[in-house]
Structure formats: structure tokens, C-alpha cells
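Please find below a colleague's note, set out as numbered points for reading alongside the coordinates.

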Amino acid sequence: IRVAILISGGGSNMVKLVESMVGDHPARAVVVGSNDPAAAGLRRAEALGVASFAVDHRSFGRDRAAFDAALLQRLQAARPDLVCLAGFMRILTPQFVSHFAGRMLNIHPSLLPKYPGLHTHARAIAAGDTEAGATVHEVTGELDAGPVLGQARVPVLPGDDEHSLATRVLEVEHRLYPAVLRRRAEGITTPLYI
Ligand code: GRF
């Protein structure tokens, strides 16, 4: 199973995904792409022996469809069976997503359906939540709203600020995403809760 991973920054989730696809794992990472040529994750992908590319969204101005078309072309060149968004910070058009219907996953740093969108940790703390976490879901045309494939919960501790909570959530993301990917690659469709 050929897996493409899209990133926008450091790519810590991408690294964990790539490192998990070894041995008897039915999937292999075939490419890592980014909307930012300066994304540190691109260098990390190359260090892991995975081909990489960048499609700079800034060279398309406000033409989201043109960016998506360029990204689609680069992505399709790698013939992926599955696309994993991992710290990918662009909203993809429904047209783009339709090319990968049922074959695109995303990890979002909240317990969806709570807190779709940005600043999830600050919102959880502001709401006085005692739990937070991460969700892996199938990507649909609606932002952060597809079928849940896995969730991981962490406590919100007294004295947490958004950085300390983000650190705790990122750590479980690094365990959740590889586990969900392996289940998906093995055809297991029941959601995973850790
Ligand atoms: C992090 O905020 C993570 O919670 C979210 O994307 C951001 C960057 O992650 N999934 P990564 O280190 O680039 O994977």
C-alpha cells in the first residue's frame, strides 16, 4: 500500500508514520509533500530516505483551486493508495478531496467533534475541559468532520497552558496515527480508542 504524507512544518507526525511502515507492515511511505518549501519536515523525510516535494501556496496568491491543481498533479505522480495529512495547514477544496474519497486521513489535535479548526488547546483550557486529545478521521469536503477512525485522550492538568497541553497531545498523536494507519492498511475499519 503506497502512502503519501502531506505536511506544513516540522513533520513530527510524518516521521512517526514513516518510521512505523517497516517490516511486515503492508504500507510504505512513497512521498512527503508540503505547501511550504521551507518546511523542516521535508529535510527529515529525505533523511529517512523518502522522496519529497513542495508546492508553495504563496506562488498561487488567493487562487486556491490553482494551488490544489498543482498539488494534485504532484501527488498523483506518486500513485498513492492513501494520503495522510499530518500537520498540514491548508484547507483543501472539496474538488481536491474528491480525488481521494475514502483514501485521505487527517489528524486533528482535539476530541472531534469538539473544537474543529484552530487553537484547539486554548479553547479546551478556556472551556475548563478536564480532558483533551487527538482524532484521526477520514477527510471529507467539510473541515475536520469526516468519520472518526481513532481518538486518544489526555488529561488537562491544573496549571496547563496551551503549550503544555499541546506537548501532551502531540505525544499521543505520535502513537495514535501510526496505529490507525496500520489498522487501515490491514483493512480494519472499527475505530481505535487509546
Ligand atoms: C501539531 O499542532 C499537531 O498537534 C497537529 O499538527 C501540528 C504540527 O504537527 N496535528 P507536526 O509536528 O508537523 O506533525
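1. Which residues of β5 are buried on one side, and which on the other? Met104, Asn106 and His108 are buried on one side of the strand, and Leu105 and Ile107 are buried on the other, which leaves both faces of β5 covered. Counted along the strand as a whole, residues 104-108, 5 of 5 residues are buried.

2. Status of the model. The structure is a predicted model. Its average pLDDT is 97, and 100% of the residues reach a score of at least 70. For the complex, the predictor reports an ipTM of 0.97 together with a pTM of 0.97. Where pLDDT is low, predicted coordinates should not be read in detail.

3. Strand pairing around β5. Strand β4, residues 82-85, pairs with β5 in the parallel sense, over 3 bridges. Within this pairing, Met104 of β5 is the bridge partner of Val83. Strand β6, residues 131-138, also pairs with β5, here in the antiparallel sense and over 4 bridges. His108 has Thr135 of β6 as its bridge partner. Two residues named in point 1 thus recur here: Met104 and His108, both of them buried on one side of β5.

4. Thr135. This residue belongs to strand β6. Thr135 counts as buried because its relative accessible area is 0%, the limit for that class being under 20%. Its side chain makes a polar contact of 2.9 Å with the side chain of Gln151.

5. The loop between β6 and β7. Two residues of this loop deserve comment: Glu142 and Asp144. Glu142 is exposed, since its relative accessible area is 57% and the class begins over 50%. Asp144, by contrast, is buried, with a relative accessible area of 12%. The backbone of Asp144 should also be inspected: its phi is near 55 degrees, a positive value in a residue other than glycine. Glu142 lies 66 residues from Gln76 in sequence, and the two are 22 Å apart in space, C-alpha to C-alpha.

6. Arg79 and Pro94. Arg79 is located in the loop between α3 and β4, and has a positive phi of about 50 degrees although it is not a glycine. With a relative accessibility of 56%, Arg79 counts as exposed. Pro94 is part of helix α4, residues 94-98. Its relative accessibility of 48% makes Pro94 partly exposed. Arg79 and Pro94 are 15 residues apart in sequence and 20 Å apart in space, C-alpha to C-alpha.

7. A cis peptide bond. The bond from Leu112 to Pro113 is cis, with omega near 10 degrees. Pro113 is in the loop between β5 and α5. As background to this point and to the positive phi values, most peptide bonds are trans, and most residues other than glycine have a negative phi.

8. Internal cavity. How many cavities of 30 Å³ or more does a search of the whole structure find? The search returns 1, and the volume of the largest cavity is about 50 Å³. Its lining consists of Leu149, Val180, Arg183, Arg184, Ile188, Thr189, Thr190 and Pro191. Helix α6, residues 162-185, provides the largest share of that lining, with 3 residues. By class, the lining holds 4 nonpolar, 2 polar and 2 charged residues.

Methods: Residues numbered from 1 in each chain as written. Predicted model: local features only at pLDDT ≥ 70, side-chain atom pairs only at ≥ 80, totals over all residues. Heavy atoms only, no water. Buried < 20%, exposed > 50% of the residue type's maximum accessible area, 1.4 Å probe, protein only. Pairing = 2+ DSSP bridges. 1 Å grid on protein atoms, 1.4 Å probe; cavity = no way out; pocket = protein on both sides within 12 Å on 5 of 7 lines; lining within 4 Å. Points joined across faces, edges and corners; volume = space filled by probe spheres on them. Nonpolar A, V, L, I, M, F, W, Y, C, P; charged D, E, K, R; others polar. pLDDT = per-residue confidence, 0-100. Polar contact = N/O pair within 3.5 Å; in protein donor to acceptor, adjacent residues only side chain to side chain.
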